[in-house]
Structure formats: structure tokens, C-alpha cells
Amino acid sequence: MSRRPAVITGVGSYVPERVLTNADLEQIVDTTDEWIVSHTGIRERRIAADDEATSDLGLAASRRALEDAGLEPGDIGLILCATVTPDHFFPVTSNIIQDKLGADRAAAFDLLSGCCGFVYGLWTARQFIATGELEHVLVLSAEKLTSITDWTDRATCVLFGDGAGAAVVSAGEGDPGATGLLAFVMESYGEHGRLLRVPAGGSRRPVDEEALAARDNCLRMEGPELFKLAVRGIPEVAAKTIARAGLTQRDIDWVIMHQANLRIIEAAAKRLNVPEERLVINVDKYGNTSAASMAIALDEVYREGRLEPGHNILLVGFGAGFSLGGAVVRWGP
Ligand code: ACO
């Protein structure tokens, strides 16, 4: 079995045009801009159009990532779409994107892992590249969270938004320990699953009239408990991932955390001792886009020209499961 480096060769993202501000939400539920900003850091989020599904968001991000990589759809061997809001249970969203892209040589499957989905996708892609099985894998994460939002629940509806991000992971050259996707730490704490769930809509409890009346086909969350788990868990998994890459905290140039809440990001950064200028933050513009959040942030910091070859990027997320995941990526060449 060969062992080759897996390198990110292209990134892209897409967010829908429609902006929903905190002032707009004040018209929908009993909330205020002051509460939302002080508790979450979110000022606005993007909302997909009624006729825009998760695959449409993912397709736009994927096209941008392919263009950035200088590849044609036919070059891709596998499409991995991380989402908790697929177009349907099946056909799965990655098959739909494969068709619309015209990626006629690609296999495709979805990855359902909440907000850690993008890191899970990169981790999975690395295996196929490292073994020599595939040359190029398209990893995308796309969410239309507003399709599972309860617009009567002020505790959750102010938090989420829609969007998509994508990365092309390709076979690189050189030392796999020093190039591209350097290290991962992925952890599952299923005992905390109840903290973030969609109660109805699966085989445990199909959607019926009672579920619809209770809006149990929408996302439910125990916010304060999740907050505590995230603030403790993110620095721990971040430290483990940095150590696994053979680096120290001082070697990390950019920290991209799952954009759930500014207070969580700042508290975790303090525990990790990361200076503010190394944190990538866009939760104010997009809210929590679940699996898409770290991919969108990576694309933004790249397009702003702030990433340089050799920079070490820490991606670290938490989310439904409860899952924690970290990755260290060396950018370039
Ligand atoms: N506007 C005004 N008041 C509100 C709102 C709102 N939108 N939402 C809740 N409140 C009220 C509550 O009713 C409560 O009032 P009470 O004291 O009279 O009962 C008060 O504010 C405090 O509520 P808490 O839930 O304790 O507020 P907290 O300070 O914990 O902040 C928050 C809530 C922002 C959700 C926080 O707990 C959090 O960020 N948790 C983590 C959530 C998270 O990251 N989720 C996603 C993780 S996984 C994924 O990304 C899919």
C-alpha cells in the first residue's frame, strides 16, 4: 500500500443571496438584535430561496473549487457531500451533484456527521489518496438548515443559516508527514446525542400529524449543555491534533473553528492561547451553517489572500452526535 500526501488543490464556497438580519428576526419571534449579538455574535445569516435545495448550494461551491483546482469534473474519482439537510434521503445529494457537474467517472456518497462533516470528509478523502486508490476527491459540505428550523422557537431560529463550501483533495508529492493534510483527531460521544436532534423523520419516529403539530421534524437543541461541552472539548481536540501533526500551538498560523457562536470561539481560543489575529471568524455574517461552516471560512480566508504556502491551518469542530474533530492542514504548495 503506497502512502502519498493528500493536498488541498482547490477551494470554493457559495452562500445564498437573501440576507436575514437580526432586525428581521425581531419581526418573527420575541428576540432582540442586542440579545442575539451579545449571546452569539451573529448579526445576519443567509437564507436559501424556496426553490434552492442543498444540492444547488453544494453544486455552486463545487464548481468554484474545481475551477480553483484547474480540474474538469471528469477528473474527480469521488464526490463526498457532508450534510444533515440532504435534498432527500435518496437519491443522495452527492449523486445529484455528480450528475449536475457531469462528473462521469466519480463515485459519490453522502456523509451525515453534523457540524464535523467537513473534517470527516477531508479525513475520508485522505485515505483514498494515501492508498493510491484515487487521484482527486471532491469534498463538499452543504446545508439548508432553514429547512429544519422551527421559526417559532427563538432559542434556535436565530442561530442557523444556509451555505456550502468545497475542497478538492488531490495526490501530492513528497513527505506525507510534512505536506497537505497532516493529522486528524476524530472523536464520538454518542451518549450526548440528545443535546442536538431532529426528533421525527427517521425510522425511529416517522413524521406524522402529531410530530408536525409539535414541529418535531425540526431541530431541537439543549444550548447551554452544548455550550459547556464545546468550550471544554474544542481546546482538548485541538491540542491533540496539533501534537499528532508534530507541531506546537505556536506553529499554527490560522485557526478555523466551527462557526456556531462567537462566545464559544473566543472562550476556546483563550484556553488554547491563540491570539485573535490568527482566528478566522465569519459567524457574524452567516450564523451557524453546520457542516458548511469551516469550509466557507477556509475559502474566505484563502480568497482574501491571507493563506501562504507552508502555513499551518487548524480546523476544529464540534456538533451533532456529539462529535468532535480536528485537522491540521499545511497549505500549498
Ligand atoms: N432572544 C431573546 N432571549 C432568548 C433567546 C432569543 N433568541 N433565546 C433564548 N432566550 C432567553 C431564554 O428564554 C432564557 O430566558 P430565561 O432566563 O427567562 O429563561 C435566557 O435567554 C437564557 O437562555 P439560555 O439558553 O440559558 O442562553 P445562553 O446564554 O446559554 O445562550 C445559546 C443560548 C446562544 C444557544 C448558547 O447556549 C449556545 O450557543 N449554545 C451552544 C449552541 C450551539 O453551539 N449549537 C450548535 C452546535 S452543533 C451545530 O452546530 C449543529
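This report covers a ligand site and three residues, Glu 143, Thr 40 and Glu 266, in a predicted model.

## Ligand site

The ligand is surrounded by 23 residues. Thr 31, Cys 115, His 258, Asn 261 and Asn 288 are the closest.

Polar contacts come from both side chain and backbone. On the side-chain part, a polar atom of His 258 sits 2.7 Å from a ligand oxygen. On the backbone part, an N or O atom of Arg 154 lies 2.9 Å from a ligand nitrogen. Pro 224 places a polar backbone atom 3.4 Å from an oxygen of the ligand. The ligand taken alone exposes 1,000 Å², and the protein buries 71% of that.

## Glu 143: a buried acid

Glu 143 belongs to strand S6, which spans residues 136–144. The residue is buried but forms no salt bridge. Lys 144 has the nearest side chain of opposite charge, and that is 11 Å away. A salt bridge needs a side-chain nitrogen of Lys or Arg within 4 Å of a carboxyl oxygen, so Lys 144 does not qualify.

What does the side chain of Glu 143 reach instead? One partner is the backbone nitrogen of Val 84, 3.0 Å from a polar atom of the Glu 143 side chain. Another is the side chain of Ser 290, joined to that of Glu 143 by a polar contact of 3.3 Å. Leaving out residues up to four places away in sequence, Glu 143 touches Thr 54, Leu 57, Thr 83, Val 84, Thr 85, Asp 162, Gly 163, Thr 289, Ser 290, Ala 291 and Ala 292. Both polar partners, Val 84 and Ser 290, appear in that list.

## Thr 40: a buried hydroxyl residue

Thr 40 is found in helix H2, residues 33–40. Its relative accessible area is 3%. The cut-off for buried is under 20%, so Thr 40 counts as buried.

The Thr 40 side chain makes polar contacts with two backbones. It reaches the backbone oxygen of Ile 36 at 2.6 Å. A polar atom of the same side chain lies 3.0 Å from the backbone nitrogen of Ile 42. Beyond four places in sequence, Thr 40 touches Leu 159, Asn 261, Leu 262 and Val 283. Asn 261 is also among the residues closest to the ligand.

## Glu 266: partly exposed

Is Glu 266 buried or exposed? Its relative accessibility is 44%. That value falls between the 20% and 50% cut-offs, so Glu 266 is classed as partly exposed.

Glu 266 lies in helix H9, residues 262–272. Leu 279 is 13 residues from Glu 266 in sequence. Their C-alpha atoms are 8.9 Å apart.

Note on methods: Residues numbered from 1 in each chain as written. Predicted model: local features only at pLDDT ≥ 70, side-chain atom pairs only at ≥ 80, totals over all residues. Heavy atoms only, no water. Helix = DSSP H or I, 4+ residues; strand = E, 2+ residues; numbered from the N terminus. Buried < 20%, exposed > 50% of the residue type's maximum accessible area, 1.4 Å probe, protein only. Lys, Arg positive; Asp, Glu negative; His and termini not counted. Polar contact = N/O pair within 3.5 Å; in protein donor to acceptor, adjacent residues only side chain to side chain. Contact = heavy atoms within 4.5 Å. Near = heavy atom within 4 Å. Areas by Shrake-Rupley, 256 points an atom, 1.4 Å probe, with all protein chains shown as cover.
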